[in-house]
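Work through the exercises below with the sequence and the structure at hand. Each task is followed by its solution.

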Amino acid sequence: MSRFTRKSSKKAGSSPGTLVHVGEKKTDDIRLSMLHYDAETLLERSLDRVEAALPSLKPAATTWINIDGIHDIAVMEHLGRQFGLHPLTLEDVLNTSQRPKAEAFDDYLFVVMKMLQHDAKKNLISSEQISLILEKNVLISFQESTGDVFEPVRERIRKGKGRIRSGGSDYLAYALIDAIVDNYFVILEKLGERLEILEEAIDDHPDAGILADIHTIRRELIYLRKQVWPLREIIAHFLKDDVAFIGDSTRLFMRDVYDHTIQTIDTIESFRDILSGMQDLYLSIISNRMNEVMKVLTIIATIFIPITFVVGIYGMNFTHMPELTWRWGYLLVWIIILIIIAGMLVFFRRKKWL
Amino acid sequence: MSRFTRKSSKKAGSSPGTLVHVGEKKTDDIRLSMLHYDAETLLERSLDRVEAALPSLKPAATTWINIDGIHDIAVMEHLGRQFGLHPLTLEDVLNTSQRPKAEAFDDYLFVVMKMLQHDAKKNLISSEQISLILEKNVLISFQESTGDVFEPVRERIRKGKGRIRSGGSDYLAYALIDAIVDNYFVILEKLGERLEILEEAIDDHPDAGILADIHTIRRELIYLRKQVWPLREIIAHFLKDDVAFIGDSTRLFMRDVYDHTIQTIDTIESFRDILSGMQDLYLSIISNRMNEVMKVLTIIATIFIPITFVVGIYGMNFTHMPELTWRWGYLLVWIIILIIIAGMLVFFRRKKWL
Amino acid sequence: MSRFTRKSSKKAGSSPGTLVHVGEKKTDDIRLSMLHYDAETLLERSLDRVEAALPSLKPAATTWINIDGIHDIAVMEHLGRQFGLHPLTLEDVLNTSQRPKAEAFDDYLFVVMKMLQHDAKKNLISSEQISLILEKNVLISFQESTGDVFEPVRERIRKGKGRIRSGGSDYLAYALIDAIVDNYFVILEKLGERLEILEEAIDDHPDAGILADIHTIRRELIYLRKQVWPLREIIAHFLKDDVAFIGDSTRLFMRDVYDHTIQTIDTIESFRDILSGMQDLYLSIISNRMNEVMKVLTIIATIFIPITFVVGIYGMNFTHMPELTWRWGYLLVWIIILIIIAGMLVFFRRKKWL
Amino acid sequence: MSRFTRKSSKKAGSSPGTLVHVGEKKTDDIRLSMLHYDAETLLERSLDRVEAALPSLKPAATTWINIDGIHDIAVMEHLGRQFGLHPLTLEDVLNTSQRPKAEAFDDYLFVVMKMLQHDAKKNLISSEQISLILEKNVLISFQESTGDVFEPVRERIRKGKGRIRSGGSDYLAYALIDAIVDNYFVILEKLGERLEILEEAIDDHPDAGILADIHTIRRELIYLRKQVWPLREIIAHFLKDDVAFIGDSTRLFMRDVYDHTIQTIDTIESFRDILSGMQDLYLSIISNRMNEVMKVLTIIATIFIPITFVVGIYGMNFTHMPELTWRWGYLLVWIIILIIIAGMLVFFRRKKWL
Amino acid sequence: MSRFTRKSSKKAGSSPGTLVHVGEKKTDDIRLSMLHYDAETLLERSLDRVEAALPSLKPAATTWINIDGIHDIAVMEHLGRQFGLHPLTLEDVLNTSQRPKAEAFDDYLFVVMKMLQHDAKKNLISSEQISLILEKNVLISFQESTGDVFEPVRERIRKGKGRIRSGGSDYLAYALIDAIVDNYFVILEKLGERLEILEEAIDDHPDAGILADIHTIRRELIYLRKQVWPLREIIAHFLKDDVAFIGDSTRLFMRDVYDHTIQTIDTIESFRDILSGMQDLYLSIISNRMNEVMKVLTIIATIFIPITFVVGIYGMNFTHMPELTWRWGYLLVWIIILIIIAGMLVFFRRKKWL
């Protein structure tokens, strides 16, 4: 459950703007990297200190500074001062249990999102918080750890494919958001596969583990929805208003991301519906099976209990039991038994149990 | 589940505007056909290349270009350049897992919808994506494969029935959308028939297969709703705003399509409600039956277990059992047995089990 | 299910404005009747042809033309031309699976509603579509067949009771809509009675038929809601906007119809809630009963199975069984049996099964 | 169910404004009483005829006329003329199945509400309709019968406590509405107590009656919600708009009533949620119990059925059964029996049934 | 249930603005404390009377007056006069069953919230009502009893950490609200832990107590939601409108509280979803177990009942039973028994019960 309430209780009551890293420390050292480009030039480097890089930048070019690792408060405070970030922004960057949101400040647009990954070991969707600071020509991205879904974007910048080299920092922001949202489909596909496997399992061998699986997937969908749902309003907000820092040409592309977000939400809802249908189906299969078990028991017991009684009668040791000495007594008992069995079978047939 | 998440993971991370065909290749060759008409003239032909046709067009007449097959990226890129389509539009045309939507561009209105078909073999609703590019005098439609629900529209153009020959490209767009939405009723009717068959089956022979059927139909309804629901806002948008490319006279007709869309959604919701009622009904029939099985077992067992005990007593071989030598011992046992049976019957009668 | 999807598949793909009668033919001949009145004069007649009547009309008076039977397309086409109806309007009049709606045209206001009737034979709510064409001084009503809920309105016109003779065509339209909505309460009362009967049945003799009844009533409520729900927006629309053809004084009355519509919807929702509560109650009664059946079985079996075993022991024929020859062996067995029975009874008492 | 559809079918089709008393006649004679007051003066009397009282009124003072009993149409018609009420208003006053609503007329504001009472005999919430006519200096209230929740308000007027003597007719209206809404809390408290009793009963002795109780309370909540829900918009409407007849100072107090209404609705919804949780809990307790019953049966049967078979074997009368004559045959059988019992116990222990 | 309807029935009907303390008396004596500060100075003291303190205050500094204990009506009335509070405000402060709300008065902004605490003894969330009166330079807070979540805020004021000393009374209000909302996460974390414990319990030892626990937690969530949900609109209202008394710089921080409120609501909804999933899972585990119990019973009974019948036959004492004297009769019986057992095992294997 801790994924849902990671905002630690230590945090409660502390001063707003107090920098507290909420979350696990996912990487050891903090890594800064910079991509500085325009249509003609491309500069890529790993940075030790931000100051070193900044003076050499071309004014009209786009700069993407990516920071992996946000657990070191001293470094983060330094970066915050360097980039002129509001204390609340920095606090949100550090608090990895942030709800996805977008906030306009005077100097920049601040976006928090979740990059999701299917953690195969724990069989959980794990999330990494991505914070984007969009300024005029600069985009700063904060990640909890190394490893992300942005490699294709970097590749496109390096190769100068498409609009990206000439699109400015807002187009870059779009490209990163798009990469994150596209990745949600990968997660959904994984869940879709698990649903399909479950559906087959329900047909083939509906055992007790299936409901636990359904429960697990449902919890994943709840978690996923919690992360994706807020995106809808964020991006809708980018589309509707005169949001600063996002140009008109990029807005057209944002519409595309919006569609994908809606589609993600639609699919999550469909999966939830399907899942609840599967649960009903499974429960009814179980109940049908129980029914069959009961029927077998009832048929066997109902046939044999009466005839066992009959043979019990003639096992009694009374000295005066005339039937016992009849010539055809034993045969008669068998006839009675067969009549009882036949009667029962007719009765079952009528009840449609056979 | 793949119907729900067809947006392939290969696509994730690629540059926006990159043309990737997402979906199955449903036809081998790409077929272009053109209908060029106004109130007086009608020109119909199959095209090899778009360029060949374009010069000969009358300026005021309406041209409908239909393309069957969208899997060949080179051809599509060529078409895109020819018609002046935005890269994002072309990307959406190729991505057959697109959510239905309408987007206004400067030069055209872009609409994506799903044409649904009941696939009798797989017992699934299968969908084919239809993209419409509505320009001033031109309508371009992209389909995944040959075969569509537009034949009656073509027939009306050929025969010059109704307004269609004089209605312009927006009326043509309306006619196509109307044909698609009308076809949803055919799908719904098929589902309605399956519901009716199910309902009778629940009455006649409620067996284990019924819940699987209910589950299947529900999944179809979820899928259907996912395709139809977005239409509602699309067409509402056509009605409310000053949407370019749609004239006032056509808007009146669009209102009609809107009604049909709402009606489709209503019917889907009603079917879902009915389906869930049927499931409850079925489950309770099953549970009633179980109840009856248990009652039969209980009646038989409850009568015979005690009397079997009685006869068991006198099957014991004690040397000192006075009853065994009594003159009327055996008769007495029978009397005891009959009393027990009578008592049980009274008890059951009181419990209203008989 | 056909009530839900009556829009026939033949209709799909036909030209908009094409007149196709969708629905059953409910009456053999088409009957036209006219009521022409103002505060002083009243003229009532059956018409053969509309033209005959029209010239003689007083300009300021109100004319109500009622047509019973809409299946004859030729006649309808003629009427449409006569009254100057838009092809789409005529198409909607003929399509009896229309969703309730109101549409403003330049020359008239078009309203489609459902008149509901409880069909005692099929135990179904059956609906008849009523189309109203409201013009300045003329109201035209189309019905599928003869027989309606308008008789009291006609009576009021004939007797000149209340405002109706001086209220104009909009007040007449209100009166008809009011009569239809009032009739919904009659339907709801019938359903309410069936609910009450069901509720008593659940108390008295909860048998397997109850859930089928619940299912039937729920399906009726779903159908009813589908017909009533759209009315809400229709009449709200009459209230809010500057709807042409509806005067201010009539608008005040429309507010009353609006209240009734809301009340109908409220009651439908309440019934649905109550119905689902009744279903839960019924299922739990069934399950309680099963529980009791099981308890009886368990008590009997648990007492007799062990003691039957005891007497079985001494039915064995071993030559060396010392107990068999003991003087008080038989008595001892009885004591053992009684101890077992007493122990079991104590056990059951503790479990609160007795 | 009749509480939900009291609008009688006799009413259907009658002319709007026709006065028909819908509901039970709850009191025999109609009683009028008048309170006429301002900050200084106070006049209280029972009236025979309204006319008698009216001339003597001070123009700036507030007059509250209360009518108990609305079943006599002649009297009501007379009152309506006297107070200048619109026919529709009078119709609504008489129709005691009115949905709570507020309607602005030119000369007055008309409010209909339900005063609820817990009818201890029928164990039902019963409602009495209160209609308020708010004019400039006059407030007229119609009740179905004598006895109401307004006594404290009268007391405050008589004693001149608080703002009421100087607050005008709108403040009086507020005071009455507040008294009615406050009374809802009393009803909710009663229901809350019943919920608590139920909750304890589920813990202590979960028997079959509990679900019937849950069903009853749920039906009461459905009824209550139906009466309270419309209040929300009514009072919100008082707050938002420039409603005539309600002054700014009173509006501040209306905000308070609004809060209470919301709180009532919140509590109703909470109770519904809790109730449905209790139902789940109860059903699962029942199912757990069944489970235990089955386990006892299974344990007893599973142990004794096999050993009964064993002793059955040696009850056979074959002449050639070597074991019967063995010296330790009988002992051996006992050993076998004990081994079977021990094996079974180990098996149950492993299954965690013991 | 009393937590849900604490508004006592004594209160019903009393004059608005009448001071009645609704709730438990949680503390014996009323304690007033004052913090008076600006960036330079800090004055903290316990007050006997408010008047004593007021004259000495610096005009531009911020004053926070905190009152613990609201049950003494005389003292409260005095305070109300002192601070110039509206009677309705004072009434709301005293009524501890108030729904969270914010109300703008001419001289101050009034906010009521709930401070929640997990009461370990009763295993309930208990709430304490906090009322804030925000004026230009003064913030007054009313609490039901001593002990709160504001200690960190006081500490920050004392140490002069962050903006708080220079932020004014609106920032102080923000800080208090933030402290309360932050504390909700602590409550949610506690509930999350209980959910996790439950989840493990369902896996390890699903016993009857689990559903009672689920029911308890669900009731807590219902209660929590009831307290948190209204906060959403309250704080949204602070953000959107030109609310007096809240400055622009503080509004930025309010956005942060808003996010946290939304996140709290999200988490509550997620927990409810997870809880209902856990209930389904638990019920299905129970039902699976029952199934297994039934299967064991059925297998044992189905095997032994027929063979017990067989041995019963040869326990009969007929004088003419040829088999009894056959040489291999006994062996033959054993063979028959083994065949029956083998047949049953094959049958079970086919049914997949083994």
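The exercises concern strands and their pairing in a predicted model.

**Exercise 1.** Find which strands of chain A pair with strand E5 (residues 109-119), and in which sense.

Solution.
1. Start with strand E4 (residues 101-104) of chain A: four bridges join E4(A) to E5(A), and the pairing is antiparallel. One pair to look up is A:Ala102, whose bridge partner in E5(A) is A:Val111. The two strands make a hairpin, with four residues between them.
2. Go on to strand E6 (residues 124-134) of chain A, which runs antiparallel to E5(A) and is joined to it by eleven bridges. Here A:Val112 lies opposite A:Ser131 of E6(A).
3. Check the turn: the hairpin of E5(A) and E6(A) also has four residues between its strands, and A:Asn123 has a positive phi near 55° there.

**Exercise 2.** Decide whether strand E5 of chain A is largely enclosed or not, and give the reason.

Solution.
1. A residue counts as buried when 20 or more other C-beta atoms lie within 10 Å of its own.
2. Eight of the eleven residues of E5(A) are buried, so the strand is largely enclosed by the rest of the structure.

**Exercise 3.** Trace the sheet of seven strands in chain E and name its edges.

Solution.
1. The order is E2-E1-E3-E7-E6-E5-E4, in an open sheet with mixed pairing.
2. Strands E2 (42-47) and E4 (101-104) of chain E each have a single partner strand, so one side of each lacks a neighbour in the sheet.
3. On average, neighbouring strands of this sheet are turned by 15° against each other, direction ignored.
4. At the E4(E) edge, four bridges lead to strand E5 (residues 109-119) of chain E, which runs antiparallel to E4(E). E:Lys101 stands opposite E:Val112.

Note on methods: Residues are numbered from 1 along each chain as its sequence is written. Chains are lettered from A and ligands numbered from 1 in the order in which they are written. This is a predicted model: local features need pLDDT of at least 70, side-chain atom pairs count only at pLDDT 80 or more; totals for chains, interfaces and linings use all residues. A residue is buried if 20 or more other C-beta atoms lie within 10 Å of its own, exposed if 12 or fewer, and partly exposed in between; C-beta atoms are placed from the backbone. Two strands pair if DSSP finds at least two bridges between them. Axes are lines fitted to C-alpha atoms, for helices over the stretch in contact, and angles run from 0 to 180 degrees between N-to-C directions.
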